[in-house]
Number of protein chains: 2
Amino acid sequence: MVKLAIDIMGGDFAPDEIIRGVNLAMETYDDLELTLFGDESKIQSLITPNPRIHVVHAPEKINMGEKDPISLIRRNKELSLVQTFRALREGLVDGVVTAGPTQGVIVASHLIVRRLLGMKRVALCPTLPTFAGKSRLLLDVGANIDIRPEHMLQHAMFASVYMTETQHIEKPLVGLVNIGAEPGKGRELEHEAFELLSHSPHINFYGNVEPKEVLTTECDILLTDGFSGNLVMKTIEGTAKALGMALKEEIGRNIWGKIGYLFMKKNLQAFKKRMSADDVGGAVIFGVDGIIVKAHGSSNAYAFSRAIHQARLAVLGNVVAKMKEKLVVEDE
Amino acid sequence: MVKLAIDIMGGDFAPDEIIRGVNLAMETYDDLELTLFGDESKIQSLITPNPRIHVVHAPEKINMGEKDPISLIRRNKELSLVQTFRALREGLVDGVVTAGPTQGVIVASHLIVRRLLGMKRVALCPTLPTFAGKSRLLLDVGANIDIRPEHMLQHAMFASVYMTETQHIEKPLVGLVNIGAEPGKGRELEHEAFELLSHSPHINFYGNVEPKEVLTTECDILLTDGFSGNLVMKTIEGTAKALGMALKEEIGRNIWGKIGYLFMKKNLQAFKKRMSADDVGGAVIFGVDGIIVKAHGSSNAYAFSRAIHQARLAVLGNVVAKMKEKLVVEDE
């Protein structure tokens, strides 16, 4: 059984869509055992009864605009997010899934679950939308504003273990996001990281990857600092949204567009689906002692069920234990 | 007359497409007087004869992959790029247009044309594709890897003058590219820049702009450091390309897509045009004593003619002289 704690109260459409996402995941996978933390009466009214589901009443949530999640998380042990993470720390579950605010999730990861011994920094790692037949990890996208090359190497190692154990890619190819493809490009951080990564026996290093290639590169893993990664991720999001709007505008401009749309409606829906993050699941927190999946704040039931699946794969792949072994090797 | 020096040898499709671009610009604007630097026999075979065109034989060019443009530009005075920039320095023209390699253009700007007195750093400033009815400047996208808040303020001032004098926007709205919209987000650079920009009487500051808004924000100018700006710009480019490919794939997948395409072909072409950089012209180098427009390396004739138009507007708007006045005010 894959035991996960689910934060029912986090996300723009919580708790309803989150509970429906749980139902969907339970229908799809028969190896899940889920403990739901949230408003019990709400859960009971929407959940499909199942002996593999446990409910803990924890109706308090962090607001999306919370200015000071650190002190709130320290202060309020009743928060559904806090209770979910405590279940992980106490070993009652192997992972957690939440659509709560990113900053709160990172803080709770640090304060409640804690970093793995030897792991210097955690990373927030989403999966980019699938293009050219594959999906790619991008990290860090915001857990660290400042980062050192040695942190990036650990992130690359963690991401490699994750890709191997969840996607069965034997030697995942790791690229360094940079403003030019040639060695020697970028800031001092990129110069030093390039050196370190290219000499490490623990990863399969490709070299620099320009951001215009991030969606189509042959790399499986794209490394960068949290500030740059956040910029890249949000620029992809914004560009996709703006282009989607422009496409809609151009098609709606005249009768020919509207007729054409009637014919290719399904094709355009498939295109829209490729741009959406729903299939991907969520971002994983790498570097803590347990699997933490942060689902998108705007998750609907389907997207949340995919995030549960993502946590499930990471637990089944035994990702954290495998990374612990690597950290021991690195220390020797 | 707007006097410009044109580098005929720079760009992937030089010299043919560049010369055709010159013809197109000359047909469209009757206030241009152009001096072309390049292979004279090639120019004579393709150019539409016109007394407002002068030709200087300068057939040598910088290769796109040149490893050391600095010493090449120092060493080789015969390069078409060098001769074009020298014409600007000597006051024979008011501006230059080139599709040569970006790094070479930045180096030549520094070494040959020189920074304006009081201007601490130059900036490379492209115009983003037009969405929601307007175009926006993004700077710096690569002239400076490291940058200080006071440089960013000067960049904002220069960009504001440029927008006012070429686009007739009275008080252009300046946004700071950042990983969150709230004040206090980002690195120390963004914290300090936010402080400085929000207290400057020289610009109309909006606040932070997340990258997911860069194509749709109400801001006219988006400020960032050269590394981050390059990431954002290239991520937009790469995302647009990947989505364009995905759209084509989905439409080509079955007969309904193909029939629909026959109806909405023009709509989809208009969509594609919106994603392309051809209309925009090129990136402008801000901070040097003259107008320098760096056209896209892959410029076709139309795109290059738009880059000439962009330089023309900046010369007509007297942008450099207006900025000189601002620099004096700032020093007082």
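This passage describes the nonpolar core, the aromatic contacts, the interface between the chains and the unusual backbone geometry of a predicted model.

In soluble globular proteins, nonpolar side chains tend to be buried together. In the present model, the largest nonpolar core has 106 residues. The residues with the most contacts inside this core are Ile73, Phe85 and Ile292 of chain A, together with Ile73, Phe85 and Ile292 of chain B. The surroundings of Ile292(A) illustrate such packing in detail. Leaving aside residues up to four places away in sequence, Ile292(A) touches Phe85(A), Leu88(A), Val96(A), Val105(A), Ser109(A), Val113(A), Ala283(A), Val284(A) and Ile285(A).

Aromatic side chains provide a further set of contacts. Over all chains, the structure holds nine aromatic pairs. One of them is formed by Phe158(B) and Phe286(B), whose rings are stacked, with 4.8 Å from centre to centre and 20° between the planes. This pair links distant parts of the chain, since Phe158(B) belongs to helix 6 (residues 149-167) of chain B and Phe286(B) to strand 10 (residues 282-286) of chain B, 128 residues apart. Both Phe158(B) and Phe286(B) are buried. Phe286(B) also pairs with Tyr162(B); here the ring centres are 5.2 Å apart and the planes stand at 55°, so this pair is tilted. Because Tyr162(B) lies in helix 6 of chain B and Phe286(B) in strand 10 of chain B, the tilted pair ties together parts that are 124 residues apart in sequence. Tyr162(B) has a relative accessible area of 4% and is therefore buried. For Phe286(B) the corresponding value is 1%, and this residue is likewise buried.

Aromatic residues of both chains also come together in one cluster, made up of Trp256(A), Phe263(A), Trp256(B) and Phe263(B).

The contact between the chains was examined next. The size of an interface is often given as the accessible area lost when the parts come together. Chain B and chain A bury about 4,700 Å² between them, and 73% of this area is on carbon and sulfur atoms. Chain B contributes 52 residues to the contact, and chain A contributes 52 residues. Charged side chains take part as well. Two salt bridges are found across the interface of chain B and chain A. The side chains of Lys234(A) and Glu210(B) meet in a salt bridge, with a distance of 2.6 Å from N to O. In addition, Arg187(A) lies over the face of Phe227(B), at 3.8 Å from the ring centre. The charged end of Arg187(B), in turn, sits over the ring of Phe227(A), 3.8 Å from its centre.

Several features of the backbone in chain B deserve separate description. The peptide bond from Ala14(B) to Pro15(B) is cis, with omega near -5°. Pro15(B) is found in the loop between strand 1 (2-7) and helix 1 (16-28) of chain B. A cis peptide bond also joins Leu139(B) and Asp140(B), where omega is about -5°. The loop that holds Asp140(B) runs between strand 6 (137-139) and helix 6 of chain B.

Positive phi values occur at residues that are not glycine. Arg114(B), with a phi of about 75°, is one of these, and this residue is found in the loop between helix 5 (102-113) and strand 5 (123-125) of chain B. His168(B) has a positive phi of about 60° and is placed in the loop between helix 6 and strand 7 (173-177) of chain B. With a relative accessibility of 67%, His168(B) counts as exposed.

Technical notes. Residues are numbered from 1 along each chain as its sequence is written. Chains are lettered from A and ligands numbered from 1 in the order in which they are written. This is a predicted model: local features need pLDDT of at least 70, side-chain atom pairs count only at pLDDT 80 or more; totals for chains, interfaces and linings use all residues. Side-chain values use heavy atoms; hydrogens and water are left out. A nonpolar core is a set of buried Ala, Val, Leu, Ile, Met, Phe, Trp, Tyr and Cys residues joined through side-chain atoms within 4.5 Å. Buried means under 20% relative accessible area, exposed over 50%, partly exposed in between (1.4 Å probe, protein chains only). Contact means heavy atoms within 4.5 Å. Rings of Phe, Tyr and Trp (its six-membered ring) pair if their centres lie within 6.5 Å; planes under 30 degrees apart count as stacked, over 60 as edge-to-face and the rest as tilted. Helices (H or I, at least four residues) and strands (E, at least two) are DSSP runs, numbered from the N terminus. A charge sits over a ring if NZ of Lys or CZ of Arg is within 6 Å of the ring centre and within 35 degrees of the ring normal. Buried area is the accessible area (1.4 Å probe) that two parts lose on being put together, summed over both. A salt bridge is a side-chain nitrogen of Lys or Arg within 4 Å of a carboxyl oxygen of Asp or Glu.
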